[in-house]
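Let's take a walk through this one, starting with the empty spaces and then moving on to the sheets. Keep the viewer open as you read.

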Amino acid sequence: MKVIPSKILYIDLSRRRFWIEDRKELFEEWVGGSGVAIKLLEEECPKNANPLEPENPIIFAVGPFTGFYPIASKTVAMFKSPLTGNLGESHCGGRSALAIRMAGYGAIVIKGASETPVYLAIHGEKAYFREASAIWNMANSYTVGRILRDREPGAGARTIMRIGRAGEKLISYACVVTETYRHFGRLGLGAVFGSKKLKAIVVSGRRSLPLVDPKAYREIYKEIFTLLVESPSMKKYHELGTSMNVNPLNELKALPTRNLKEANFDEAEKISGESFAKDFLGRRLACAHCPVSCIHLAALRMPYDSEPYFYKTKMISYDYETIYSLGSMIGIGNPKELLKLLDEVEALGLDAISTGVALAWATEAQEKGLISINETNGLNLKWGDAETYLKAIRFLVNQVNDFYKALGKGIEYASNIYGGKEFALAFGGNEMPGYHTGLAAHLGFLIGSRHSHLDCAGYSIDQKIVATGKKSTIEELTEELINEEAWRQILSSLVICFFARGIYKPELIIKAFKPLGMEFTEDSLKKIGRKILKAKYEFKVREGFKLNKLRIPERIFQTSAPAGEILKESIAKALSLAEEKLTNLP
Amino acid sequence: MIACNRRFGEAGVAKSSIHVRSAGGIERGFIVLVCRACIDPPCMKVCPTNALSKRIGGGVILNSSKCVGCKLCVNACTIGAIFWDEENEKPVICVHCGYCVDYCPYNVIRMEEIS
């Protein structure tokens, strides 16, 4: 017996029908998560599909370790991205993964579109199409969560995914919020929800999963659990969270600041993980089935303007990436102002990274006279001016004029119209993450299948170069990035949170598969990883992606990076090498 | 939850006798629902078939063969710490083995002798 997820829940929003299919062979060959999702995307997404038409499917997939092992706590979403026009892939924790598996599924496929606002309630084997007109256009995504929490059963064993106004307005980088503080953040899943008039999805279930060898399972579980709890890197994620990286990256001069005009922020200390922990940390939380609990919430006490002694205290989630994008990248060094921006972005359901980078580009464009108050709707965007940025975010979500409509399609699009391409910090159409460490980081953004720092972790290669002074050749660098991304396909198919990548090494994964009745070798796992990466790359190529056509923002050559000067020739060479390697992946 | 279920030789949460849910959104923190080993357990008093008997040290022991699945015990538990096994149509009742305690890295739950 092999214990693997096999059931897929199909939902057709157009006809309001659902059915369940057993696709065991698909999970056997492609593991789960990213592997299964890319195959389902190939099956369901027609070539050249419009990302915002009913033909674009949404795929959610969990993996064989979900529900079995700690920190296998993420769900993979795949879709065609409205932001980049090709592969959309976004990962989210919260309770999403456990809830989907406990409801009985390895994957959920959502097709078609509803004519009127709808939310889906999936409780075990039943799916319900529920009226969502009353929660459509609600100002705050927190409120939508609160209402569904009260209306639906399954407390404690459920996920509540929802979009905010940004998704309804089809902003290309709208996110899907789950459990209020976790997100399918990047590449615009929120807009795909919005285009389907799908406001939210609730999933719940409470089942058991059989085992081939319960005794071996308990032993390996304990081993993994102990490794996780005692690991120093996990302890750091628990104590300060990802924001522990603000100070070190700033000291390294790798923290993108004011649209990467600089890579060092004079006010970084005030928005560092240490400062937030000291002055604002209100609660730490974990995703379901994770002992680490890296989620950090700040408690912000805010007065009402209307009368004295009248306050509300809000809990606001912060992370390294959001501190970079809505902090240093737009020159915000006041932690309270930064938290207000984070809160607004959460309420409206925007991807915080893309939003911050878009505001940074707009600020510089206005500084350089490419746009004026006619475009910004009367605003003078200035580094560090949070009040004005708050207004701009609302104008953006309300799509008040042509400029904000263009900005809502991402800065690749907006800079095509208004200029300023040399400082439009998007890679493959996706706004940049917070690492200006060197060549490897930027190469990773370019060749990674999601154009994210998480694809191949180039920043970590750069940091090694800084620490050891040992440089790699372009060939070695490209090889290393692609090998890393290929291996990560296994982690994101199981689906393990990347924070535990140092613990879930091949030997441990092989051992953990045994009580589930499955045998792998390190070679066979790595081969599947390459196969998944190849399938993702082929999907991108099918949708018109070309590595050698990528625009490279001039700015990255102008601002010095700690791992050494970034040369145009090096990038050009690496891109052609990457194309050859990705095309010929075995 | 998952540790508890593991005792039954299965993964998942269906047979867990400990349950965690948010206190109205995770920003308010979490509530751990678990049997507190009442000295005079209300669940036992309402059982029509005497399937529940007093456990030494507090709480109750379930005799599954006597249980008719009426759910009265679930409703009688003031703190909501009796759960339902949908697969077997029987209550899930904590046996106070303490297995879960080892898997709570932040010492939220612990074992205590009741005298």
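Which residues lie nearest the centre of the largest cavity? They are B:Cys35, B:Cys38, B:Cys43, B:Cys77 and B:Ile82, part of a lining of 15 residues.

## How far to trust it

Keep in mind that what you're looking at is a predicted model. It scores ipTM 0.93 and pTM 0.97. For chain B, the pLDDT averages 93, and 99% of the residues come in at 70 or above.

## The closed cavities

Counting those of 30 Å³ or more, there are six cavities. The largest cavity holds about 130 Å³ of space. Sorted by class, its lining has 13 nonpolar residues, plus one polar and one charged. Remember that Cys counts as nonpolar here.

Next comes the second largest cavity, with a volume of about 90 Å³. Its lining is made of 16 residues, and the closest to the centre are B:Cys47, B:Pro48, B:Cys67, B:Cys70 and B:Cys73. That lining splits into 13 nonpolar, two polar and one charged.

## A pocket with both chains in its lining

Now for an open space. The second largest pocket has a volume of about 1100 Å³. Its lining takes in 43 residues, and those closest to the centre come from both chains: A:Ala286, A:Cys287, A:His289 and A:Cys290, joined by B:Val20.

Which elements each supply at least two residues of this lining? From chain A, they are helix H3 (96-102), helix H7 (214-230) and strand S14 (281-285). From chain B, they are helix H1 (2-6), strand S2 (18-22) and strand S3 (30-34). As for the make-up of the pocket lining, you'll find 30 nonpolar, six polar and seven charged residues.

## The six-stranded sheet of chain A

Chain A has an open sheet of six strands with mixed pairing, in the order S2-S1-S6-S3-S4-S5. Why do S2 (17-22) and S5 (87-92) of chain A each have one side left without a neighbour in the sheet? Because they stand at the edges, each with a single partner strand. From one strand to the next, the twist averages 15°.

Helix H2 (residues 33-44) of chain A packs on this sheet. It touches S1, S3 (58-61), S4 (75-80), S5 and S6 (107-111) of chain A, and its direction makes about 25° with that of S4(A).

If you want to follow the pairing by eye, try S1 (residues 7-12) of chain A, which pairs with S2(A) in the antiparallel sense over six bridges. A good spot to look is A:Lys7, which stands opposite A:Asp22 in S2(A).

## The three-stranded sheet of chain A

There's also an open sheet of three strands in chain A, with the order S14-S15-S16 and antiparallel pairing. Its edge strands are S14 and S16 (311-318) of chain A, each pairing on one side only. Neighbouring strands of this sheet are turned by 30° against each other on average, direction ignored. S14(A) should ring a bell, as it is one of the elements that supply at least two residues of the pocket lining above.

S15 (residues 295-303) of chain A runs antiparallel to S16(A), and eight bridges join the two. To find the register, start from A:Met302: its bridge partner in S16(A) is A:Lys312. Helix H12 (residues 335-348) of chain A lies across S15 and S16 of chain A, running at about 80° to S16(A).

Methods:
Residues numbered from 1 in each chain as written. Chains lettered and ligands numbered in written order. Predicted model: local features only at pLDDT ≥ 70, side-chain atom pairs only at ≥ 80, totals over all residues. Heavy atoms only, no water. Pairing = 2+ DSSP bridges. Helix = DSSP H or I, 4+ residues; strand = E, 2+ residues; numbered from the N terminus. Axes fitted to C-alpha atoms, helices over the stretch in contact; angles between N-to-C directions. Contact = heavy atoms within 4.5 Å. pLDDT = per-residue confidence, 0-100. 1 Å grid on protein atoms, 1.4 Å probe; cavity = no way out; pocket = protein on both sides within 12 Å on 5 of 7 lines; lining within 4 Å. Points joined across faces, edges and corners; volume = space filled by probe spheres on them.
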